[in-house]
Amino acid sequence: MTETAQNIDSMQGMDQARFRFRSAIDEKAKSLELTQRDDMTKKFKLTYASLGPDLTIQGTLYGDRIRARLHRMPDAEFPLLTRGFHWINEYPRNR
């Protein structure tokens, strides 16, 4: 079993609520185990599948069945890579 631990800072729901997790990925089983950071007894197991350049994740999270399709953004679309670095900004780039 190939398992690596990674930190996920947070996920944001459609109601703008944020959830913080720790994750463990099992590459052979193609699964992702999320553990809530402030309550280690809450664990969720999700599975993932690669569909070409996209990734599909599904499972149960807080009693709700979820299925998400993730699309990889090209590096050229990330603002930090396209606008350059500036020590001093005349106007902040807050969105």
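**A walk through a predicted model**

Let me begin with one contact, in which arginine 69 forms a salt bridge with aspartate 54, the closest N and O atoms being 3.4 Å apart. The pair links distant parts of the chain, since arginine 69 belongs to strand 6 and aspartate 54 to strand 5, and the two are 15 residues apart. I should say at once that what we are looking at is a predicted model, and that the count of salt bridges in it comes to one. Is aspartate 54 buried or exposed? Aspartate 54 is buried, because its relative accessible area is 14%, and buried here means under 20%.

With that pair in mind, let me step back to the whole chain. The protein has one helix and six strands, and from the N terminus on the elements run β-β-β-β-β-β-α, with the helix coming after the strands. Of the 95 residues of the protein, 18% count as buried, and aspartate 54, as I have just said, is a buried residue.

Next comes the largest pocket, which has a volume of about 450 Å³. The elements that give two or more residues to its lining are strand 1, residues 3-12, strand 3, residues 31-36, strand 5, residues 54-61, and strand 6, residues 64-71. Which of the elements gives the most to this lining? That is strand 6, with five residues, and strand 6 is also where we met arginine 69 of the salt bridge. The largest pocket is lined by 16 residues in total, and those that lie nearest its centre are Met11, Gln12, Gly13, Leu61 and Ile66. By character, the lining residues divide into twelve nonpolar, two polar and two charged.

Let me turn now to the loops, and to two residues whose backbone deserves a careful look. Most residues other than glycine have a negative phi. Glutamine 16, however, has a positive phi of about 75 degrees although it is not a glycine, and its place is in the loop between strand 1 and strand 2, the latter covering residues 18-26. Glutamine 16 counts as exposed, because its relative accessible area is 54% and the cut-off for that word is over 50%.

The other is tyrosine 62, which is not a glycine either and has a positive phi of about 55 degrees. Tyrosine 62 is found in the loop between strand 5 and strand 6, that is, between the two strands that hold the salt-bridge partners. At 33% relative accessibility, tyrosine 62 counts as partly exposed.

A further loop, between strand 3 and strand 4, residues 43-51, holds lysine 42, which at 35% relative accessibility is again partly exposed. Where the fold is concerned, the C-alpha atoms of lysine 42 and phenylalanine 21 are separated by 9.7 Å, although these residues are 21 residues apart along the chain.

Finally, let me go to the surface. Which residues form a nonpolar patch there? They are Met73, Phe78 and Leu81, which together have about 290 Å² of accessible area. Of these, leucine 81 has its place in helix 1, residues 79-82, and leucine 81 is exposed, because its relative accessible area of 61% is over the 50% cut-off.

Note on methods:
Residues numbered from 1 in each chain as written. Predicted model: local features only at pLDDT ≥ 70, side-chain atom pairs only at ≥ 80, totals over all residues. Heavy atoms only, no water. 1 Å grid on protein atoms, 1.4 Å probe; cavity = no way out; pocket = protein on both sides within 12 Å on 5 of 7 lines; lining within 4 Å. Points joined across faces, edges and corners; volume = space filled by probe spheres on them. Helix = DSSP H or I, 4+ residues; strand = E, 2+ residues; numbered from the N terminus. Nonpolar A, V, L, I, M, F, W, Y, C, P; charged D, E, K, R; others polar. Patch = residues over 30% accessible without salt bridge, like charges linked within 9 Å, V, L, I, M, F, W, Y side chains within 5 Å. Areas by Shrake-Rupley, 256 points an atom, 1.4 Å probe, with all protein chains shown as cover. Salt bridge = Lys/Arg side-chain N within 4 Å of Asp/Glu carboxyl O. Buried < 20%, exposed > 50% of the residue type's maximum accessible area, 1.4 Å probe, protein only.
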